[in-house]
Amino acid sequence: MKLNINFPTQIISGENCIQKNTAKIAALGAKKAFIVTGRSGAKKSGALDDVTSALSSLGIGYTVFDEIAENPPLLVSHKAGRMCAEEGCDLVIGIGGGSALDASKAVAVFAANDIKPMEGFEADKCKAALPIIAVPTTAGTGSEANPYAVMTLPEGDQKKTLKFPFTYPVLAFVDPKYTYSLGYEYTVSTALDAFAHAIESYLSPNSTLLSESFALFAAKSIFEVLNKKGTDFSKEEREALAYASCAAGAAISVTGTGFPHPLGYSLTLLKGIPHGKACAVFESDYIELNYKTEQGSIKLDKFLSELGTTASYLGSLLYELADVNISLSEEEIKQFVDLIKVAGNYKNSPYVLSDEEKYAIYNKLFAKKQ
Ligand code: ZN
């Protein structure tokens, strides 16, 4: 077991952490920022106002690009990246949920390298990125604490991850107040994503002592909040979720995620199931299969005893909260499994899932009853 961690992001957290730390932004020495957001979250949460006020007080100019949709398309990130370069911006600020934060990393790459969209995944074509500041307004993705940018490919039915050592944000401002007004269902779905990151990171063969402690801290906080099965969340609970999400994001920066992630991608892109729920629906099978291996059962025993629960209770809680009610034809199941074959996540857990098992899991969960 190793202790290894390489963590180049400075995380600053707490209420009004942007206003209290404008000097950190000034220290980057930027002249003009390119702000990457979705249509509404950054504005509604108050985060966009906090960022633009901070920039104005520092005399830093900015442009706002607010066209980032859910499951950010590679082509939109590429367009934004080229705009960012043309506008002479030297800093990218992502504000929003996972989509805006992931897109901001791709934008920083496309701004620094005049390349075609698909070349954004190639190490020999991408030499650098503009510095990135991440301001999460949801508690789930943890994107502020890792280098991953999950992009939807031009055909619209597959996701691919862009990641480089230089796509870690340099600064992350985690202010839980931006999540206070999020709806119940949305909060559950994003918390499920963070929980998926925590458990998939904990079980990964690449985990280290530090990534495991981040993952456990995150999993315990989220389990405690979700297990209450309330109808809303208190400020304290939302703060716990925001910090847990960030810690789980840092944990996967060391390990990557496991197979519930790619299995969920098809549900999201082709059936519109939100990412967190689309991953959570597979966690019960993930736990069950990993229990069949020696490493998996050792790790799961420790993980479950820290949470004070059992595999079957946790599996059904996650399944229940995911609440995915779709049915798929045999044709669709074949198509879904084909689309996710290329992902690298299958080797990233003690139990390595075969193509037949991917098919069997989809079939068990979603096959149309005759
Ligand atoms: Zn995720």
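**Strand E4, the zinc site and a surface patch**

Strand E5 (residues 132-136) runs parallel to E4, and five bridges join the two. Within this pairing, Ile-95 stands opposite Val-135 in E5. The model described here is a predicted one. E4 also pairs with strand E2 (residues 32-36), again in the parallel sense, over four bridges; here Phe-34 is the residue opposite Val-92 in E4.

The cover over E4 (residues 91-96) is consistent along the strand, since six of its six residues are buried. One side presents Leu-91, Ile-93 and Ile-95, the other Val-92, Gly-94 and Gly-96, and both faces are covered.

The zinc ion is held by four residues: Asp-193 through OD, and His-197, His-261 and His-275 each through NE2, at 2.1 to 2.2 Å. The angles subtended by the four donor atoms range from 84 to 169°, and the arrangement is therefore irregular. Along the sequence, the donor residues follow the spacing D-x3-H-x63-H-x13-H. Distant parts of the chain are thereby linked: His-197 lies in helix H7 (residues 184-203) and His-261 in helix H10 (residues 260-271), 64 residues apart. His-197 has a relative accessible area of 4% and is therefore buried; His-261, with 3%, is likewise buried.

The surface offers another feature. Met-1, Leu-3 and Leu-209 make a nonpolar surface patch of about 340 Å². Met-1 belongs to the segment before strand E1 (10-13). Its relative accessibility is 66%, so Met-1 counts as exposed, the cut-off for that class being over 50%.

Technical notes: Residues are numbered from 1 along each chain as its sequence is written. This is a predicted model: local features need pLDDT of at least 70, side-chain atom pairs count only at pLDDT 80 or more; totals for chains, interfaces and linings use all residues. Side-chain values use heavy atoms; hydrogens and water are left out. Patches are made of residues with over 30% relative accessible area and no salt bridge: like charges are joined within 9 Å, nonpolar side chains (Val, Leu, Ile, Met, Phe, Trp, Tyr) within 5 Å. Accessible areas come from the Shrake-Rupley method with a 1.4 Å probe; for residues, only the protein chains shown count as cover. A salt bridge is a side-chain nitrogen of Lys or Arg within 4 Å of a carboxyl oxygen of Asp or Glu. Buried means under 20% relative accessible area, exposed over 50%, partly exposed in between (1.4 Å probe, protein chains only). Donors are N, O and S atoms within 2.8 Å of the metal (3.2 Å for Na, K and Ca); water is not among the atoms, so sites may look incomplete. Four donors count as tetrahedral if all angles lie between 85 and 135 degrees; four count as square planar and six as octahedral if opposite donors are over 155 degrees apart and all others between 65 and 115; anything else is irregular. Two strands pair if DSSP finds at least two bridges between them.
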